[in-house]
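Q: Please take a close look at one part of this protein: how its helices pack against each other. Set that part in the context of the whole chain.

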Amino acid sequence: MTTIRPANLDDADALAQLAEQTFRDTFTLDDGTEDMDLYCRDSFSGDIQRQELLDTNYVTFVAEVDGKLVGFAQLLVLSHKESVDATCPAELHRLYVLNGWQGQGVAQGLMNAVLAAAEGGGDGCVGESDTDIIWLGVWEHNPRAIRFYEKNGFKEVGEHVFQLGDDAQRDLLMAREIAR
(Lines give C-alpha, C1' and ligand atoms only; values in the text may rest on other atoms or scores of the structure.)
Protein backbone atom coordinates (compact mmCIF):
# COMPACT_ATOMS: atom_id res chain seq x y z
CA MET A 1 0.00 0.00 0.00
CA THR A 2 1.29 3.46 -0.94
CA THR A 3 1.42 6.18 1.68
CA ILE A 4 1.63 9.83 0.63
CA ARG A 5 3.02 12.07 3.37
CA PRO A 6 4.91 15.33 3.86
CA ALA A 7 8.66 14.80 3.66
CA ASN A 8 10.83 15.53 6.68
CA LEU A 9 14.54 16.08 7.27
CA ASP A 10 15.09 12.36 7.91
CA ASP A 11 14.08 11.80 4.27
CA ALA A 12 16.77 14.10 2.80
CA ASP A 13 19.35 11.49 1.73
CA ALA A 14 16.79 8.99 0.43
CA LEU A 15 14.98 11.83 -1.34
CA ALA A 16 18.24 12.95 -2.98
CA GLN A 17 18.83 9.41 -4.29
CA LEU A 18 15.23 9.08 -5.48
CA ALA A 19 15.28 12.49 -7.17
CA GLU A 20 18.47 11.73 -9.07
CA GLN A 21 17.39 8.22 -10.04
CA THR A 22 13.97 9.27 -11.30
CA PHE A 23 15.40 12.25 -13.19
CA ARG A 24 18.06 10.08 -14.85
CA ASP A 25 15.53 7.34 -15.64
CA THR A 26 13.25 9.89 -17.28
CA PHE A 27 15.80 11.82 -19.34
CA THR A 28 19.12 9.95 -19.76
CA LEU A 29 18.27 8.39 -23.13
CA ASP A 30 17.66 11.83 -24.61
CA ASP A 31 20.45 13.85 -22.98
CA GLY A 32 24.24 13.76 -22.89
CA THR A 33 26.05 12.27 -19.92
CA GLU A 34 28.02 15.43 -19.11
CA ASP A 35 24.89 17.62 -19.07
CA MET A 36 23.02 15.06 -16.98
CA ASP A 37 25.88 14.70 -14.48
CA LEU A 38 26.22 18.46 -14.12
CA TYR A 39 22.50 18.97 -13.55
CA CYS A 40 22.20 16.13 -11.04
CA ARG A 41 25.27 17.29 -9.10
CA ASP A 42 23.82 20.79 -8.79
CA SER A 43 20.25 19.71 -7.99
CA PHE A 44 19.99 16.50 -5.97
CA SER A 45 22.51 16.13 -3.14
CA GLY A 46 21.40 15.32 0.38
CA ASP A 47 22.46 18.82 1.45
CA ILE A 48 20.36 20.42 -1.28
CA GLN A 49 17.36 18.33 -0.28
CA ARG A 50 17.83 19.32 3.38
CA GLN A 51 17.94 23.00 2.37
CA GLU A 52 14.74 22.60 0.36
CA LEU A 53 13.03 20.74 3.22
CA LEU A 54 13.95 23.58 5.60
CA ASP A 55 12.81 26.28 3.18
CA THR A 56 9.22 27.21 4.04
CA ASN A 57 8.55 28.11 0.39
CA TYR A 58 8.87 24.42 -0.55
CA VAL A 59 6.24 21.83 0.25
CA THR A 60 7.54 18.32 -0.44
CA PHE A 61 5.51 15.13 -0.41
CA VAL A 62 6.86 11.60 -0.69
CA ALA A 63 5.18 8.38 -1.75
CA GLU A 64 6.30 5.45 0.37
CA VAL A 65 5.78 1.71 0.08
CA ASP A 66 7.02 -0.56 2.87
CA GLY A 67 9.41 2.15 4.11
CA LYS A 68 10.90 2.81 0.66
CA LEU A 69 10.39 6.07 -1.24
CA VAL A 70 8.92 5.44 -4.70
CA GLY A 71 7.98 8.99 -5.73
CA PHE A 72 7.91 12.60 -4.67
CA ALA A 73 6.45 15.98 -5.54
CA GLN A 74 7.55 19.49 -4.65
CA LEU A 75 5.44 22.62 -4.63
CA LEU A 76 7.23 25.97 -4.59
CA VAL A 77 4.90 28.66 -3.27
CA LEU A 78 4.99 32.27 -4.43
CA SER A 79 6.89 31.29 -7.57
CA HIS A 80 6.16 33.91 -10.22
CA LYS A 81 6.57 33.28 -13.94
CA GLU A 82 6.13 35.96 -16.58
CA SER A 83 3.64 34.08 -18.76
CA VAL A 84 1.54 32.88 -15.82
CA ASP A 85 -1.20 35.39 -14.99
CA ALA A 86 -1.60 35.02 -11.24
CA THR A 87 -1.50 37.04 -8.05
CA CYS A 88 -0.06 34.29 -5.83
CA PRO A 89 1.23 31.49 -8.07
CA ALA A 90 2.79 28.25 -6.91
CA GLU A 91 5.02 26.07 -9.06
CA LEU A 92 4.77 22.31 -9.23
CA HIS A 93 8.55 22.22 -9.11
CA ARG A 94 8.98 18.46 -9.40
CA LEU A 95 6.85 15.32 -9.60
CA TYR A 96 8.65 12.05 -10.26
CA VAL A 97 7.85 8.37 -9.69
CA LEU A 98 10.15 5.35 -10.02
CA ASN A 99 9.61 3.44 -13.27
CA GLY A 100 8.27 0.33 -11.55
CA TRP A 101 5.56 2.37 -9.83
CA GLN A 102 4.33 4.41 -12.78
CA GLY A 103 0.76 3.73 -13.83
CA GLN A 104 -0.21 2.53 -10.34
CA GLY A 105 -1.75 5.73 -8.99
CA VAL A 106 1.36 7.03 -7.21
CA ALA A 107 1.68 10.15 -9.38
CA GLN A 108 -2.04 10.88 -8.96
CA GLY A 109 -1.74 10.51 -5.19
CA LEU A 110 1.14 12.96 -5.17
CA MET A 111 -0.74 15.36 -7.44
CA ASN A 112 -3.77 15.19 -5.14
CA ALA A 113 -1.58 16.03 -2.13
CA VAL A 114 -0.02 19.00 -3.94
CA LEU A 115 -3.41 20.34 -5.05
CA ALA A 116 -4.85 19.93 -1.54
CA ALA A 117 -1.86 21.78 -0.07
CA ALA A 118 -2.25 24.61 -2.56
CA GLU A 119 -5.96 24.82 -1.74
CA GLY A 120 -5.06 25.10 1.93
CA GLY A 121 -6.47 21.71 2.83
CA GLY A 122 -3.33 19.59 2.87
CA ASP A 123 -1.96 19.16 6.38
CA GLY A 124 -1.62 22.93 6.76
CA CYS A 125 1.56 22.84 4.64
CA VAL A 126 0.69 25.95 2.68
CA GLY A 127 -1.71 27.13 5.35
CA GLU A 128 -4.01 30.00 4.59
CA SER A 129 -2.25 30.90 1.36
CA ASP A 130 -3.91 32.83 -1.36
CA THR A 131 -2.47 30.59 -4.07
CA ASP A 132 -4.60 31.11 -7.14
CA ILE A 133 -2.67 29.27 -9.87
CA ILE A 134 -0.35 26.27 -9.98
CA TRP A 135 2.04 26.22 -12.92
CA LEU A 136 4.74 23.85 -14.11
CA GLY A 137 7.31 23.36 -16.83
CA VAL A 138 7.28 20.06 -18.72
CA TRP A 139 9.70 19.01 -21.42
CA GLU A 140 8.07 19.29 -24.83
CA HIS A 141 9.20 15.73 -25.67
CA ASN A 142 7.51 14.09 -22.66
CA PRO A 143 4.00 13.26 -23.98
CA ARG A 144 3.12 10.96 -21.09
CA ALA A 145 3.70 13.72 -18.54
CA ILE A 146 1.86 16.26 -20.69
CA ARG A 147 -1.19 13.96 -20.87
CA PHE A 148 -1.07 13.44 -17.10
CA TYR A 149 -1.03 17.18 -16.44
CA GLU A 150 -3.82 17.80 -18.94
CA LYS A 151 -5.89 15.12 -17.20
CA ASN A 152 -5.40 17.10 -13.99
CA GLY A 153 -6.69 20.34 -15.50
CA PHE A 154 -3.44 21.98 -16.61
CA LYS A 155 -3.42 23.90 -19.88
CA GLU A 156 -0.49 25.19 -21.92
CA VAL A 157 0.17 28.89 -21.25
CA GLY A 158 3.63 29.43 -22.72
CA GLU A 159 7.15 28.08 -22.80
CA HIS A 160 10.53 28.62 -21.20
CA VAL A 161 14.08 27.35 -21.36
CA PHE A 162 15.09 24.53 -19.04
CA GLN A 163 18.87 24.50 -18.68
CA LEU A 164 20.23 20.96 -18.43
CA GLY A 165 23.95 21.44 -17.98
CA ASP A 166 25.04 23.22 -21.16
CA ASP A 167 21.93 22.14 -23.09
CA ALA A 168 19.08 24.66 -23.31
CA GLN A 169 15.82 22.74 -23.74
CA ARG A 170 12.28 23.91 -24.43
CA ASP A 171 9.71 23.28 -21.72
CA LEU A 172 6.02 23.91 -22.12
CA LEU A 173 4.51 25.99 -19.34
CA MET A 174 1.19 24.65 -18.10
CA ALA A 175 -1.10 26.12 -15.46
CA ARG A 176 -4.41 25.53 -13.70
CA GLU A 177 -6.52 27.54 -11.32
CA ILE A 178 -6.84 26.54 -7.69
CA ALA A 179 -10.35 25.75 -6.49
CA ARG A 180 -11.58 27.98 -3.70
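A: What follows starts with the whole chain, goes through the helix contacts, and ends with a few single residues.

The model is a predicted one. The protein chain contains 5 helices and 7 strands. Their order along the sequence is β-α-α-α-β-β-β-α-β-α-β-β. The C-alpha trace spans about 45 × 40 × 30 Å along its principal axes. For 180 residues, a compact globule would have a radius of gyration near 16 Å, and the chain, at 15 Å, agrees with that. Of the 180 residues, 49% count as buried. Among contacts with a separation of 6 or more, 64% join residues 24 or more positions apart.

Now to the helices, beginning with α1 and α3. Helix α1 covers residues 12–27, and it packs with α3 at an angle of about 115 degrees, the two axes being 8 Å apart. That angle makes α1 roughly perpendicular to α3. The crossing of this pair is right-handed. On the α1 side the contact involves A12, D13, L15 and A16, and on the α3 side G46, Q49, R50 and L53. Sorted by class, the residues of this contact are 4 nonpolar, 2 polar and 2 charged.

One residue of this contact can be followed further. Where does Q49 sit? Q49 belongs to helix α3, which runs over residues 46–54. Its relative accessibility is 0%, and buried means under 20%, so Q49 counts as buried. Leaving out residues up to four places away in sequence, Q49 touches A12, L15, A16, S43, F44 and Q74. Of these, A12, L15 and A16 are α1 residues that take part in the contact with α3.

Helix α1 also packs with α2, which covers residues 33–43. The axes of α1 and α2 come within 11 Å and cross at roughly 155 degrees. Angles over 145 degrees count as roughly antiparallel, and α1 and α2 are therefore roughly antiparallel to each other. The crossing of α1 with α2 is right-handed. From α1, the residues in the contact are E20, F23, R24 and F27; from α2, they are M36, D37, Y39 and C40. By class, this contact has 5 nonpolar and 3 charged residues, with no polar ones.

D37, from the α2 side of that contact, also gives a link to a distant part of the sequence. L164 and D37 are 127 residues apart in sequence, while their C-alpha atoms are 9.3 Å apart in space. L164 lies in strand β6, which covers residues 155–164. With a relative accessibility of 1%, L164 counts as buried.

The remaining helix pair to describe is α4 and α5. Helix α4 takes up residues 106–118 and helix α5 residues 143–151. Their axes come within 12 Å and cross at roughly 45 degrees. α4 and α5 are therefore oblique to each other. α4 passes α5 in a right-handed crossing. A107, Q108 and M111 of α4 make this contact with F148, Y149 and K151 of α5. The classes here are 4 nonpolar, 1 polar and 1 charged.

Two residues outside the helices complete the picture. V62 is placed in strand β2. Its relative accessibility is 0%, so V62 counts as buried. Not counting residues up to four places away in sequence, V62 touches T3, I4, R5, A7, D11, L15, L69, G71, F72 and L110. One of these, L15, is also touched by Q49, and L15 is among the α1 residues that meet α3. V62 and L172 are 110 residues apart along the chain, and their C-alpha atoms are separated by 25 Å.

D66 is the second of these residues, and it lies in the loop between β2 (58–65) and β3 (68–77). Is D66 buried or exposed? With a relative accessible area of 76%, D66 is exposed. Its phi is near 50 degrees, which is a positive value in a residue other than glycine.

To recap the helix contacts, α1 is roughly perpendicular to α3 and roughly antiparallel to α2, whereas α4 and α5 are oblique to each other.

How values were computed: Residues numbered from 1 in each chain as written. Predicted model: local features only at pLDDT ≥ 70, side-chain atom pairs only at ≥ 80, totals over all residues. Heavy atoms only, no water. Helix = DSSP H or I, 4+ residues; strand = E, 2+ residues; numbered from the N terminus. Buried < 20%, exposed > 50% of the residue type's maximum accessible area, 1.4 Å probe, protein only. Contact = heavy atoms within 4.5 Å. Axes fitted to C-alpha atoms, helices over the stretch in contact; angles between N-to-C directions. Parallel < 35°, antiparallel > 145°, perpendicular 65-115°, else oblique. Left-handed = near helix turned anticlockwise from the far one by under 90°. Nonpolar A, V, L, I, M, F, W, Y, C, P; charged D, E, K, R; others polar. Rg over C-alpha atoms; globule rule 2.2 N^0.38 Å.
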